[in-house]
Amino acid sequence: MSEQTKSWDERIDDVWAEASGEEVGDETIARIDALAAERGRDDARAEFERAGARDSAGRPAEAVELYRRALALGLDEEHRPQCVIQMASSLRNLGEYDEALAVIRAEEEIAADGPYRDAVATVHALILASSGRPAQGLSVALLALVPHLPRYHRSMTAYAHEIADLDA
């Protein structure tokens, strides 16, 4: 399939596939920005992709502003949780733990049963650990694992709650 017949999504996916396994730099950002420009600055998905490129290049402050813009413009239900997860992670990297926690906890409430719930829990656990509450982070991670266990749900849930109190 030629570049001319590929959809915008396919071309975005191609850029990310080519960047996989290597450090994202100015070239990847430029390629994403060029594709985003096709859709304009008022396109939530384009802004989300621009944010992701900067995030992957180690520019979390730039990414956060673009993630906020993408969310304000209104992302679809596939990309909104991804944007929230990535923004919360970037906020964590910037040391903005309170805001990161607020963002990720809100997502937990909005999409408690969504397809990204385990990713949300993982970022939540990382934020807690980074903010000096590693036992609470471990508790969040364990509670996310419990539904995947073949047995021991009740006991592991109780242990996870017990561990959370160790940070107090």
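Biologist: Which handedness does the crossing of H6 and H7 have?

Modeller: Left-handed. Keep in mind that this is a predicted model. Handedness goes together with the angle and the spacing, so to speak of the pair, start with those: H6 (residues 97-110) and H7 (residues 117-130) pack at about 155 degrees, and their axes lie 10 Å apart. That angle makes H6 roughly antiparallel to H7, since anything over 145 degrees counts that way.

Biologist: Which residues of H6 and H7 meet?

Modeller: From H6 you have Tyr97, Ala100, Leu101, Ile104, Arg105, Glu107 and Glu108. Facing them in H7 are Val120, Ala121, Val123, His124, Ile127, Leu128 and Ser130. Sorted by class, the contact of H6 with H7 has nine nonpolar, two polar and three charged residues.

Biologist: Now the core. Which residues touch the most other members of the largest nonpolar core?

Modeller: A nonpolar core is a set of buried nonpolar side chains joined through atoms within 4.5 Å. Here the largest one has 27 residues, and Tyr67, Ile104 and Ile127 touch the most other members. The elements giving two or more residues to this core are H3 (44-56), H4 (60-73), H5 (79-93), H6, H7 and H8 (134-145).

Biologist: What does Ile104 touch?

Modeller: Leaving out residues up to four places away in sequence, Ile104 touches Ile85, Ala88, Val120, Val123, His124 and Ile127. Apart from the largest core lies another core, of nine residues, including Ile12, Val15, Leu35 and Ala53.

Biologist: Let's go to the start of the chain. At what angle do H1 and H2 pack?

Modeller: About 170 degrees, with the axes of H1 (residues 8-19) and H2 (residues 26-39) 10 Å apart. That makes H1 roughly antiparallel to H2. On the H1 side, the contact uses Trp8, Asp9, Arg11, Ile12, Val15, Trp16, Glu18 and Ala19. H2 brings Thr28, Arg31, Ile32, Leu35, Ala36, Glu38 and Arg39. By class, the contact of H1 with H2 has eight nonpolar, one polar and six charged residues.

Biologist: And at the other end, how do the axes of H8 and H9 cross?

Modeller: They cross at roughly 165 degrees and come within 7 Å. H8 and H9 are therefore roughly antiparallel to each other, and their crossing is left-handed. H8 makes the contact with Ala135, Gln136, Leu138, Ser139, Leu142 and Leu143, while H9 uses Thr157, Ala160, His161, Ile163 and Ala164. The class count for H8 with H9 is seven nonpolar, four polar and no charged residues.

Biologist: Where does Tyr152 lie?

Modeller: In the loop between H8 and H9 (153-164). When you read a backbone, check the sign of phi: Tyr152 has a positive phi of about 70 degrees although it is not a glycine.

Biologist: Is Tyr152 buried or exposed?

Modeller: Exposed, because its relative accessibility is 55% and the cut-off for exposed is over 50%.

Biologist: Stepping back, how many helices and strands does the protein chain have?

Modeller: Nine helices and zero strands. Along the sequence the pattern reads α-α-α-α-α-α-α-α-α. The C-alpha atoms fill a box of roughly 55 × 35 × 30 Å along the principal axes, and buried residues make up 38% of the 168 residues.

Biologist: What share of the contacts join residues at least 24 apart?

Modeller: Taking contacts between residues at least 6 apart in sequence, 47% join residues at least 24 apart.

Technical notes:
Residues are numbered from 1 along each chain as its sequence is written. This is a predicted model: local features need pLDDT of at least 70, side-chain atom pairs count only at pLDDT 80 or more; totals for chains, interfaces and linings use all residues. Side-chain values use heavy atoms; hydrogens and water are left out. Axes are lines fitted to C-alpha atoms, for helices over the stretch in contact, and angles run from 0 to 180 degrees between N-to-C directions. Helices (H or I, at least four residues) and strands (E, at least two) are DSSP runs, numbered from the N terminus. Angles under 35 degrees count as roughly parallel, over 145 as roughly antiparallel, 65 to 115 as roughly perpendicular and the rest as oblique. A crossing is left-handed if the near helix is turned anticlockwise from the far one by less than a right angle, and right-handed if clockwise. Contact means heavy atoms within 4.5 Å. Ala, Val, Leu, Ile, Met, Phe, Trp, Tyr, Cys and Pro count as nonpolar, Asp, Glu, Lys and Arg as charged, and the others, Gly among them, as polar. Buried means under 20% relative accessible area, exposed over 50%, partly exposed in between (1.4 Å probe, protein chains only).
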